[in-house]
Amino acid sequence: MAATTVTTAHAARTHLGREAGRRKPRDWVGIGLWIALLLSALAWAMPFIFMFLTSVKSKADINALSTWDLPTTFLWANYADAIDTGNLWETGANSLLIALVKVPLGLLLASGAAFALARLRFRHHKVVLGLFVVGSMVPIQVALGPLFNTMLRLDLLDSRAGLILPYLAFGIPYQVFMLYGFFKAIPDELDESARIDGASTFRVFWQICLPLARPALAALFILDFVATWNEYAMATTLLQSQSNWTIPLAVQSFSSQHATDYGSLNAFIIMSAVPVLIVYLMFQRYFVQGAFAGAVKG
Amino acid sequence: MSVIEHKEAPEGSPRRALARQTKPGRRQRGAHRNTFIAALPYLVPTALLYGYFLLYPMLDSVRISFYEWSGFRTQEPTWVGLENYVRLFTGADPVFWKAFQNSVIWVALAVLIPMTLSLLLALALNRKMIGRNLFRSVFYIPAVFASITVAAMWRWIYNPTLGAVNQVLEGIGLDSWTQQWLGNPKIALYSIFVAAVWQGVGFNMVLFLAGLQQVPPELVEAAKLDGARGPQIFRHVTVPALRPTFVVVLILTIINSLKVFDLVVGMTGGGPAQSTQVLALWSYSQSFSNHNFGQGGAVATVLLVISLCLVVPYLIWALKGEED
């Protein structure tokens, strides 16, 4: 319904615009649409507003006041409590460490594979590509049982290094697929002339293909950072001791063990998402680009 | 090297000339072998990691599904053949069917509701308007939150006495509508689904927005000149141009529905009375909570087969589509 209104309104506007010259007609459909969007956006933002209001309320306020009321006094102490109870600094440091090792290393590995598949098109390279991509589309829970056994056998259970290895494997398929598309779009003449000048395959990879793929790499870096920061299923399977926990494990534990501590629970949730929010706000356009590449390449 | 097999090699290039002189068949095979050897150093580390930590565990689930095993190192797995599958498919494991049914419901709902919503949002936000970027951000931001965090948020929102949903209902005089949103086995699954819609719509919206950039403006103009009206333009220009995006969003939606795990773990843990159990979680629970890796493997295998039935045809389509 809205779909048709959009295009009608658009058509109507340009049509009128052409006929009426300078005079700007009131675009009633557009205004109605805008109001509808505003209301939906408010509804969408509501959980965040409730969450923030709860995070600064005392227990008494939470019990006595409505969810949408402002607190009698802003109780910022909830945030300090949450940092203590949820062990925010330690779990945050674990998450950050894992993400900062995993993301660049994973991208390097994925670019290598994508380069080999896209630029050195050996026989059946598409089958290999297919094998890589399948992994990004099968639910990871299928692998969790055996993955646990594998890590047990390697004696890497409950360690941050032990989590990074499967995380690397987990991010590779999607990145290989994306970068494959990107590398393939580089004109052949470019590395051909480099080769004629005597450049080795490695130099073609390192000095020609990688720099050209910088926008794709940036987008993947951001997407992968968020995905790694947020990953829960593998972390809960492979990590046990609290000192190794990542942020999602801390959130889940907080929400099940201190579930009645609503103020600090919500404070903790807000703080746990700060890094990804910062990343989102700083690199917004890359999210769109990343999705864009996905939509175009299929 | 790729020049040899590439059609668009410039006519005068020396390699092209070389390729024409030698016998094409032999030349090509040799080139392929050379490129393969050159590709190995770039491919092998990645392939090893991926194979050992992702592909192999996925396939190993199939092997484990033929054994009975508690998962403890002290106990040896015993071969039981198809027994685990017999249990699944003869109804000896009623939770499996509940989980299966819930996963199917989830897929169906996800294809209907968030896909439609996100398409409408994308069409609306494709127009130039005041605050467009702010709107887009508001709808997208839930997608950067961890699912487990979204689950914790919504558990609070659904809290029977203090949560926002029931308080709002009471505030507008609909006291009789208040519910144990996550405690009522009949509606708990749908309550979780609402949280999933809230989180997921933004991402699909961005995909659709990206797809709309692919709609050629010349075509829209041409249609207008030919006297086409809004709905006609939408049906005959926009929809066909969006078709590849539709396929991508559809596949991703189905796959993501099969992957639902964090939200259920965080909001109900599969309860009450297993009413929100889904396949991905049941496989995990069988292995790690019930210490029955064989059963867990069998559920995982079912999930694997379903996923492959969807993914393989899609990949063949996608990879064929971009022929070189």
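**Chains A and B: the contact and some single residues**

User: How many residues does each chain bring to the contact?

Analyst: The contact takes 106 residues from chain B and 120 residues from chain A, where contact means heavy atoms within 4.5 Å. This is a predicted model, in which local features need pLDDT of at least 70 and side-chain atom pairs count only at pLDDT 80 or more, while totals for chains, interfaces and linings use all residues. Residues are numbered from 1 along each chain as its sequence is written, chains are lettered from A in the order in which they are written, and side-chain values use heavy atoms, with hydrogens and water left out.

User: And how much area do the two chains bury between them?

Analyst: Chain B and chain A bury about 10,200 Å², with 72% of it on carbon and sulfur atoms; buried area is the accessible area (1.4 Å probe) that two parts lose on being put together, summed over both. In chain B, the residues that lose the most area to chain A are Tyr42(B), Arg127(B) and Trp156(B), which together make up 8% of what that side buries.

User: Which helix of chain B gives the largest share of that side?

Analyst: Helix α2 (residues 24-64) of chain B does, with 22 residues; helices here are DSSP runs (H or I, at least four residues), strands are runs of E of at least two, and both are numbered from the N terminus.

User: How many salt bridges cross the interface?

Analyst: The rule finds zero salt bridges between chain B and chain A, a salt bridge being a side-chain nitrogen of Lys or Arg within 4 Å of a carboxyl oxygen of Asp or Glu.

User: Changing topic, what is the secondary structure of chain A?

Analyst: Chain A has 16 helices and zero strands. Of its 298 residues, 56% are buried, where buried means under 20% relative accessible area, exposed over 50%, and partly exposed in between (1.4 Å probe, protein chains only).

User: Is Cys209(A) buried or exposed?

Analyst: Cys209(A) counts as buried because its relative accessibility is 0%, whereas Cys309(B), at 54%, counts as exposed.

User: Which residue other than glycine has a positive phi in chain A, and where does it lie?

Analyst: One of them is Asp158(A), with phi near 60°, and Asp158(A) lies in the loop between α7 (141-153) and α8 (160-184) of chain A. Asp158(A) is buried, since its relative accessible area is 19%.

User: What about His291(B)?

Analyst: His291(B) is not a glycine either, yet has a positive phi of about 50°, and is found in the loop between α12 (279-289) and α13 (293-321) of chain B. With a relative accessible area of 36%, His291(B) is partly exposed.
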